[in-house]
Amino acid sequence: MVMPYSLPPLFFIMMLLVEVIAGGIDPNWYDAHATFYGDAAGGETMQGACGYGDLFKQGYGLATTALSTALFNNGLTCGACFQIMCVNDPQWCIKGATPITVTATNYCPPNYSKTVDIWCNPPQKHFDLSYKMFTSIAGEKAGIIPVKYRRVPCVKTGGVRFELKGNPYFLIVLVYNVGNAGDVSHMSIRGSKTGLLTMTHNSGQTWHINQNLVGQSLSFLVTTSDGKALEFSFVAPSNWQFGQTYESKQNF
Ligand SMILES: *[C@@H]1O[C@H](CO)[C@@H](O)[C@H](O)[C@H]1NC(C)=O
């Protein structure tokens, strides 16, 4: 069979177009597996390694997943949204089920002492879903299912939110409710008396800086994994407090 030479470049250009339309999010489906943790009410799925707290208050609810090491990217994938469907398991996949859309809020740690059920060990791509999400695409008794997944833009209500924690010498910022790509890859902070200061990735979606910014209004420059950057100016007023959350008026 002779392959027409014009095909590969055309295919490449079309993939680029698809990528531009999707805003830089990889639109392709990939193979993985899924299990669930916690109960129907979302017990055990709150908090988690991404640094989020009460997932209901923060807008994520039960539409959440923990990611294996291969997907977690040291916490930088936290906040990303995935569409997931059950495949190739006629016994347990719910026929005609709408694919679920979940936000990454937790980490499924590897367990190297195990020889069975080692689903979250590298290099396996694995989603440990909330009970509610798992049971909307498969029977509970399945335990583990093969899935196909893809990144999708995150649809969030309201602006990006910043929770300020730590102390005057170590400011920690949790960034959440991030739309579109959803996962933050770089963050900088600007006090009203400073220039732009690069923050260090702490864990999950928390970022820190060793600088006393008490008494200064705060702005943030946030970059998501698709390379888009937005400046959130004067999100926190000069009398901001540790433990408080400040919501911006914009989102990605
Ligand atoms: C890892 O697996 C072993 C064997 O099943 C188990 O005893 C242990 O509790 C697991 N460790 C964690 C942290 O879950």
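**The β11–β12 turn**

I started at the hairpin of β11 and β12, where two residues sit between the strands and glycine 204 takes a positive phi near 50°. This is a predicted model, so I am reading computed geometry throughout. I checked the pairing next: β11 (residues 200–203) and β12 run antiparallel, with three bridges between them. Serine 203 has threonine 206 of β12 as its bridge partner.

**From β12 to β8 and β7**

I followed β12 (residues 206–209) across to its other listed pairing, and found four bridges joining it to β8 in the antiparallel sense. Leucine 171 is bridged there to isoleucine 209 of β12.

Then I looked at β7 (residues 161–167), which pairs antiparallel with β8 over seven bridges. These two strands form a hairpin, again with two residues between them. I noted asparagine 167 with phenylalanine 170 of β8 as its bridge partner.

Is β8 largely enclosed or not? I found five of its seven residues buried, so the rest of the structure largely encloses β8.

**The nonpolar core**

I pulled up the largest nonpolar core, which has 60 residues. Which members touch the most others? They are Ala34, Leu67, Ile84, Phe127, Val147, Val175 and Phe220. β8 (residues 170–176) turned up again here: with five residues, this strand gives the most to the core. The core also takes at least three residues from each of domain 1 (28–152) and domain 2 (161–247). As a reminder to myself, nonpolar side chains tend to be buried together in soluble globular proteins.

I picked alanine 34 for a closer look. Setting aside residues up to four places away in sequence, alanine 34 touches Ile84, Phe127, Leu129, Phe134, Ile145 and Val147. Of these, Ile84, Phe127 and Val147 are also on the list of residues touching the most other core members.

**β3 and its two partners**

Ile84 led me to β3 (residues 81–86), which is joined to β4 (residues 100–107) by four antiparallel bridges. Isoleucine 84 itself is bridged to isoleucine 100 in β4. I also found β3 running antiparallel to β6 (residues 145–152), with six bridges between the two. Cysteine 81 has valine 152 of β6 as its bridge partner.

**Tyrosine 131**

I looked up tyrosine 131 and found it in helix α3 (residues 131–137). Buried or partly exposed? Tyrosine 131 has 19 other C-beta atoms within 10 Å, and a residue needs 20 or more to count as buried, so I logged tyrosine 131 as partly exposed. Apart from neighbours within four places in sequence, its contacts are Phe36, Gly38, Asp39 and Ala40. I took one distance as well: from tyrosine 131 to cysteine 81 is 17 Å, C-alpha to C-alpha, with their positions 50 residues apart in sequence.

**Glutamine 58**

Where does glutamine 58 sit? I found glutamine 58 in the loop between β1 (30–37) and β2 (64–67). Glutamine 58 has 18 C-beta neighbours inside 10 Å, so it goes down as partly exposed. Beyond its neighbours within four places in sequence, glutamine 58 is in contact with Tyr52, Gly53, Tyr176 and Asn177. I also checked arginine 161, which is 103 residues away from glutamine 58 along the chain, yet their C-alpha atoms are separated by 9.0 Å.

**Two domains**

I noted the split into domain 1 (28–152) and domain 2 (161–247). Their C-alpha centres lie 28 Å apart. How many residues are in contact across the two? I have 14 residues of domain 1 in contact with 14 residues of domain 2. On the domain 1 side, those residues divide into seven nonpolar, seven polar and no charged.

**Whole chain**

I finished with the overall numbers. The protein chain has three helices and 15 strands. Buried residues come to 37% of the 252. Among contacts with a separation of 6 or more, 70% are between residues 24 or more positions apart. Along the principal axes, the C-alpha atoms fill a box of roughly 65 × 50 × 35 Å. The radius of gyration is 20 Å, and a compact globule of 252 residues would have one near 18 Å, so I put the chain down as agreeing with that rule.

Terms used. Residues numbered from 1 in each chain as written. Predicted model: local features only at pLDDT ≥ 70, side-chain atom pairs only at ≥ 80, totals over all residues. Rg over C-alpha atoms; globule rule 2.2 N^0.38 Å. Buried ≥ 20, exposed ≤ 12 C-beta atoms within 10 Å, placed from the backbone. Contact = placed C-beta atoms within 7 Å. Core = buried A, V, L, I, M, F, W, Y, C linked by C-beta atoms within 7 Å. Domains from an automatic or database assignment. Pairing = 2+ DSSP bridges. Nonpolar A, V, L, I, M, F, W, Y, C, P; charged D, E, K, R; others polar.
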